[in-house]
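The following note sets out several points for a colleague who is examining this structure at the bench. Please read each point with the model open.

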Amino acid sequence: MIYIDDHINDFDLDAALQQLSEQRRQQALRFRYELGQRSCALAYLLLKRALREEYGIKENPVFEYGEHGKPTIAGHPEIFFNLSHCREAVACAVSDKPVGIDVESVRSFKESLVRYTMNDEEVEQIMTAPQPEVAFIRLWTMKEARLKLTGEGINDNMKTVLNEADRKKYTTVECLERGYIYTVCESFTVI
């Protein structure tokens, strides 16, 4: 299940911080700017909502972290989740199998970044698109969602993240009127 909230400034931050686990509250307060604190708190609140609605879990989740920093919910190895946020929105994906989600603001980009992170086919796709910034963010969210699913995180080999043999399912949603795009990446089995 996917939960999105693009009303980052429409809630009482102090009240929200009181609804977080101590672990997440400390994490939110480490952000220097209020937007980071709001995004961190809202992502956790979305996860709490998802856990309550999908699994009947009412207590605050506490995170454990894997080798590359990917969080899991302590005591619930059967539940997979991923969180993401940008200036415009916060996203949460919850599943019974590994999942990754990335949400990004649609914005201009530098061609050097495109050439560093995209393979030749992807560069061509972006540069010839009617809206290159949308094409770039679409591909970027796919790559980052996949890396978040596997727990690898962004690395120096971004050009090869997406390939034909990949056994992953991607769902991309463009919310251009609100200024963001998100992609969910899930594992699937071939029968």
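1. Status of the model. The coordinates come from a predicted model, and the points below should be read accordingly.

2. The S6-S8-S7 sheet. Three strands make up an open, antiparallel sheet, arranged in the order S6-S8-S7. Strand S6 (99-105) and strand S7 (168-175) occupy the edges with a single partner strand each, and therefore one side of each has no neighbour in the sheet. On average, neighbouring strands of this sheet are turned by 15° against each other, direction ignored.

3. Pairing of S7 with S8. Strand S8 (residues 180-187) runs antiparallel to S7, and eight bridges join the two. To locate the register, one may begin at Glu-174, whose bridge partner in S8 is Ile-181.

4. Helix H6 over the sheet. Helix H6 (residues 132-150) lies across S6, S7 and S8. Its direction makes an angle of about 150° with S6.

5. Packing of H5 on H6. Helix H5 (residues 120-127) packs against H6 at about 145°, and the two axes are 7 Å apart. On the H5 side the contact involves Glu-122, Gln-125 and Ile-126; on the H6 side it involves Pro-132, Ala-135, Phe-136, Leu-139 and Lys-143. By class, the residues of this contact comprise five nonpolar, one polar and two charged.

6. The largest pocket. Which residues lie closest to the centre of the largest pocket? The pocket has a volume of about 420 Å³, and 23 residues line it, the closest to its centre being Gly-69, Pro-71, Asn-82, Leu-83 and Lys-148. Two or more lining residues come from each of helix H2 (22-29), strand S2 (63-65), strand S4 (80-85) and H6. S4 gives the most, with five residues. The lining as a whole is mixed in character: nine nonpolar, eight polar and six charged residues.

7. Strand S1 and its faces. In a regular strand, side chains alternate between the two faces of the sheet. Strand S1 (residues 2-5) shows such alternation. Tyr-3 and Asp-5 point to one face and are buried, whereas Ile-2 and Ile-4 point to the other face and are not buried. The charged residue Asp-5 is thus among the buried side chains of this strand.

8. Pairing of S1 with S5. S1 pairs with strand S5 (residues 90-95) in the antiparallel sense, over four bridges. Asp-5, one of the buried residues of S1, has Val-90 as its bridge partner in S5.

Notes: Residues numbered from 1 in each chain as written. Predicted model: local features only at pLDDT ≥ 70, side-chain atom pairs only at ≥ 80, totals over all residues. Heavy atoms only, no water. Pairing = 2+ DSSP bridges. Axes fitted to C-alpha atoms, helices over the stretch in contact; angles between N-to-C directions. Contact = heavy atoms within 4.5 Å. 1 Å grid on protein atoms, 1.4 Å probe; cavity = no way out; pocket = protein on both sides within 12 Å on 5 of 7 lines; lining within 4 Å. Points joined across faces, edges and corners; volume = space filled by probe spheres on them. Buried < 20%, exposed > 50% of the residue type's maximum accessible area, 1.4 Å probe, protein only.
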